[in-house]
Amino acid sequence: MTKVVDINKIFADYVKGYLVKNKGKIKPDEIESRTAELYSAFESEPCAALGGKTPKEYYADEPDLLGLLKRHVKENVEVNEYLIEEIEKRVDKKTLAAVLSDETEDEEVIETVLDILVESNPKSCVNELIDVLFNKKVCSHAIDDAVEALIPFADEVADKLLDRMNAENRTDSYFVEILSHCVVKRKEIKKLILDGLSAGEKVPEYANYARIYDDESMLPDLKRILASLSDYVSYKELKMTIESLGGEAGERDFTYDKDFIAIKAAEAKAAEDERKD
């Protein structure tokens, strides 16, 4: 069984050894500029801490790479690039994708596997990426990665996403972010965007989704919602959306709005600083 190793620590020891061997020839503060050169040499040299293998060779004979990744996480050792590269080469995508659907799996394992899949072929695992969005254990970083990976396939996953949202009674904004990129217009997506705007809690965010969705039929509803807004930032963002869709929206006096005052003060300061420069 391949041991869990901390490659960063081994490299740090390699650098210390290099300094000892070259004492008087190189100063410690010169190491930073030579890090890339040293690392290139390190990864190609046999290392006692790796059983006489080079970092590039170390994982080549490991039969259970996914299990080794999990052991790294369990022992709180950073998963290094050589292990990831070996997983990318030898572990089939279906095996990796199954990890994303396992709600009992460690969050860091899911995140690492997600990064590997997103970097390689996200289209092959859209169902598993959707599972990530519904997995309440994963962190916001993993959610963000899954959203970004699914956006190019918005039309392809729209039915599955909408069906599961309905089944689990979920309307999280990151679902709407993906669906807003659909080219094919659907009444369900339109409703999700309008409901998000009407709720009033994330108007700038949902105004951006409405801009991306680019559906002129939303204009009457957008204008109705605009009339109900009382804060400057929300009004400004939704007004911009209405205008981007070809509609018109009048100005409103926000002289006493705290956000308006703060923004104008910041703009005035920036202008003053520019004049001084």
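**Close-up views of a predicted helical protein**

**View 1. Charged side chains across the predicted model.** The protein carries 61 negative and 40 positive side chains. The centres of these two sets are 2 Å apart. The model shown here and in the other views is predicted.

**View 2. The overall fold and its extent.** The protein is built with 15 helices and zero strands. Its radius of gyration is 26 Å, whereas the globule rule gives 19 Å for 277 residues, so the protein is more spread out than a compact globule. Taken along the principal axes, the box filled by the C-alpha atoms is roughly 75 × 60 × 25 Å. Among contacts with a separation of 6 or more, 63% join residues 24 or more positions apart.

**View 3. Surface and interior.** The exposed area of the protein is about 15,900 Å². Carbon and sulfur atoms supply 49% of that area. Of the 277 residues, 43% count as buried.

**View 4. Helix α7 and its cover.** Helix α7 spans residues 126-134, and seven of its nine residues are buried, so the helix is largely enclosed by the rest of the structure. The buried residues are Val126, Leu129, Ile130, Asp131, Val132, Leu133 and Phe134. Their cover includes two helices that come earlier in the numbering, α5 (93-100) and α6 (107-120). It also includes α8 (140-150), α9 (154-168) and α10 (173-179).

**View 5. The largest nonpolar core.** This core holds 89 residues. Those touching the most other members are Leu133, Leu161, Leu179, Ile193, Leu197 and Leu238. One of them, Leu133, is also among the buried residues of α7.

**View 6. Leu179 and the residues around it.** Residues up to four places away in sequence are not counted in this view. Leu179 touches Ala158, Leu161, Leu162 and Met165. Further along the chain, Leu179 touches Ile189, Leu192 and Tyr213.

**View 7. Phe175 in helix α10.** Phe175 lies in helix α10. The relative accessible area of Phe175 is 0%, and the residue therefore counts as buried, the limit being under 20%. Leaving aside neighbours within four places in sequence, Phe175 is in contact with Leu133 and Phe134, both of which are buried residues of α7. Phe175 also contacts Leu161, Met165 and Arg170. Between Phe175 and Ile189, 14 residues apart in sequence, the C-alpha to C-alpha distance is 9.9 Å.

Conventions. Residues are numbered from 1 along each chain as its sequence is written. This is a predicted model: local features need pLDDT of at least 70, side-chain atom pairs count only at pLDDT 80 or more; totals for chains, interfaces and linings use all residues. Side-chain values use heavy atoms; hydrogens and water are left out. A nonpolar core is a set of buried Ala, Val, Leu, Ile, Met, Phe, Trp, Tyr and Cys residues joined through side-chain atoms within 4.5 Å. Buried means under 20% relative accessible area, exposed over 50%, partly exposed in between (1.4 Å probe, protein chains only). Contact means heavy atoms within 4.5 Å. Helices (H or I, at least four residues) and strands (E, at least two) are DSSP runs, numbered from the N terminus. The radius of gyration is taken over C-alpha atoms; the globule rule is 2.2 Å times the number of residues to the power 0.38. Accessible areas come from the Shrake-Rupley method with a 1.4 Å probe; for residues, only the protein chains shown count as cover. Lys and Arg count as positive and Asp and Glu as negative; His and the chain ends are not counted. The place of a charge is taken as NZ of Lys, CZ of Arg, CG of Asp or CD of Glu.
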